[in-house]
Every structure is written in C-alpha cells, then in structure tokens.
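Please open the model in your viewer and keep the sequence panel visible beside it. The stops below are given in the order in which they may be selected.

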Amino acid sequence: MRQTYPATFMCRVFDASESGFHTWNIRPQCEREREKGRLKIEMLAAHQCVRQIYSVKRPHSDLTKRG
C-alpha cells in the first residue's frame with residue numbers, strides 16, 4: 001500500500017516507528033518466510049494442474065508425493 005499512502009501515515013496508523021519500518025523493509029526474508037512463499041507457489045501450481053475441480057485432498061496428496 002505504499003503507492004497509496006506515505007510511510008509516515010502508515011506508521012502512525014499501525015503505531016510503529018518509521019525507523020523500525022525502514023529497518024524491517026530492508027531486512028532480508030528469513031528462511032521460514034522464503035519457505036512459506038515457495039509452498040504457496042507449489043500449492044497454486046498443484047491447484048492449477050488439477051484444473052481447480054478437485055477438493056483440497058488431491059493437490060495435497062500430489063504435493064506430499066513431490067516432497
């Protein structure tokens with residue numbers, strides 16, 4: 001949302017310091033966040049592969065088989 005609102009406004013709304021926001025913004029993602037992003041992409045791809053017609057069980061089993 002930084003294209004819509006300035007950082008100073010957002011920090012005030014969320015009761016955060018500007019320096020803390022900028023430090024968080026330049027910090028690289030942790031391993032857990034990278035893994036969550038990778039899994040999200042894998043889940044969306046599995047969902048597309050079954051043409052979005054199966055329940056969650058089919059993509060889940062496909063993902064489990066792939067590790």
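## First stop: charged pairs

Select Arg-34 and Glu-31, which form a salt bridge whose closest N and O atoms are 2.8 Å apart; the term denotes a side-chain nitrogen of Lys or Arg within 4 Å of a carboxyl oxygen of Asp or Glu. The model is a predicted one, in which local features need pLDDT of at least 70, side-chain atom pairs count only at pLDDT 80 or more, and totals for chains, interfaces and linings use all residues. Residues are numbered from 1 along each chain as its sequence is written, and side-chain values use heavy atoms, with hydrogens and water left out.

Arg-34 and Glu-31 both belong to helix H3 (residues 31-49), where three residues, about one turn of the helix, lie between their positions. Helices (H or I, at least four residues) and strands (E, at least two) are DSSP runs numbered from the N terminus. Glu-31 is exposed, with a relative accessible area of 53%, whereas Arg-34 is partly exposed at 42%. Here buried means under 20% relative accessible area, exposed over 50%, and partly exposed in between (1.4 Å probe, protein chains only).

Next, add Arg-38, Glu-35 and Glu-42 to the selection. Arg-38 forms a salt bridge with Glu-35, with 2.7 Å between the closest N and O atoms. Arg-38 and Glu-35 are three residues apart in helix H3, so about one helical turn separates them. Arg-38 also meets Glu-42 in a salt bridge of 4.0 Å, N to O. Arg-38 and Glu-42 are four residues apart in helix H3, again a separation of about one helical turn. Through shared partners, these salt bridges join Glu-35, Arg-38 and Glu-42 into one network. Each member of the network is partly exposed: Arg-38 at 38%, Glu-35 at 31% and Glu-42 at 28%. In total, the structure holds four salt bridges.

## Second stop: the aromatic pair in H2

Now select Phe-21 and Trp-24. How are their planes arranged, and how far apart are the centres? The structure holds two aromatic pairs. Phe-21 and Trp-24 form a tilted one, at 6.0 Å centre to centre with 35° between the planes. For this assignment, rings of Phe, Tyr and Trp (its six-membered ring) pair if their centres lie within 6.5 Å; planes under 30 degrees apart count as stacked, over 60 as edge-to-face and the rest as tilted.

Both residues lie in helix H2 (residues 18-26), three residues apart, about one turn of the helix. Phe-21 is partly exposed at 24% relative accessibility, while Trp-24 is exposed at 52%.

From Phe-21, extend the selection to Thr-8, which is located in helix H1. Thr-8 and Phe-21 are 13 residues apart in sequence and 9.6 Å apart in space, C-alpha to C-alpha. Thr-8 is partly exposed, with a relative accessible area of 38%.

## Third stop: the largest pocket

Which residues line the largest pocket? Select Met-1, Arg-2, Ala-7, Met-10, Cys-11, Phe-14, Ala-16, Phe-21 and Trp-24 to display its lining. On a 1 Å grid over the protein atoms alone, a pocket is an open set of points where a 1.4 Å probe fits, with protein on both sides within 12 Å along at least five of seven lines; lining residues have an atom within 4 Å of a point. The volume of the largest pocket is about 210 Å³, taken as the space filled by probe spheres set on the points, which are joined across faces, edges and corners. H1 and H2 are the elements that give two or more residues to this lining, and H1 supplies the largest share, three residues.

## Fourth stop: the nonpolar patch

Keep Phe-14, which sits in the loop between helix H1 (7-13) and H2 and is exposed at 60% relative accessible area. Add Met-1, Tyr-5, Phe-9 and Val-13, which together with Phe-14 make a nonpolar surface patch of about 530 Å². Patch residues have over 30% relative accessible area and no salt bridge, and nonpolar side chains (Val, Leu, Ile, Met, Phe, Trp, Tyr) are joined within 5 Å.

## Last stop: the whole chain

Finally, select the entire protein chain, which has four helices and zero strands. Buried residues make up 9% of its 67 residues. The chain exposes about 6300 Å², of which carbon and sulfur atoms supply 58%; accessible areas come from the Shrake-Rupley method with a 1.4 Å probe.

Technical notes: Patches are made of residues with over 30% relative accessible area and no salt bridge: like charges are joined within 9 Å, nonpolar side chains (Val, Leu, Ile, Met, Phe, Trp, Tyr) within 5 Å.
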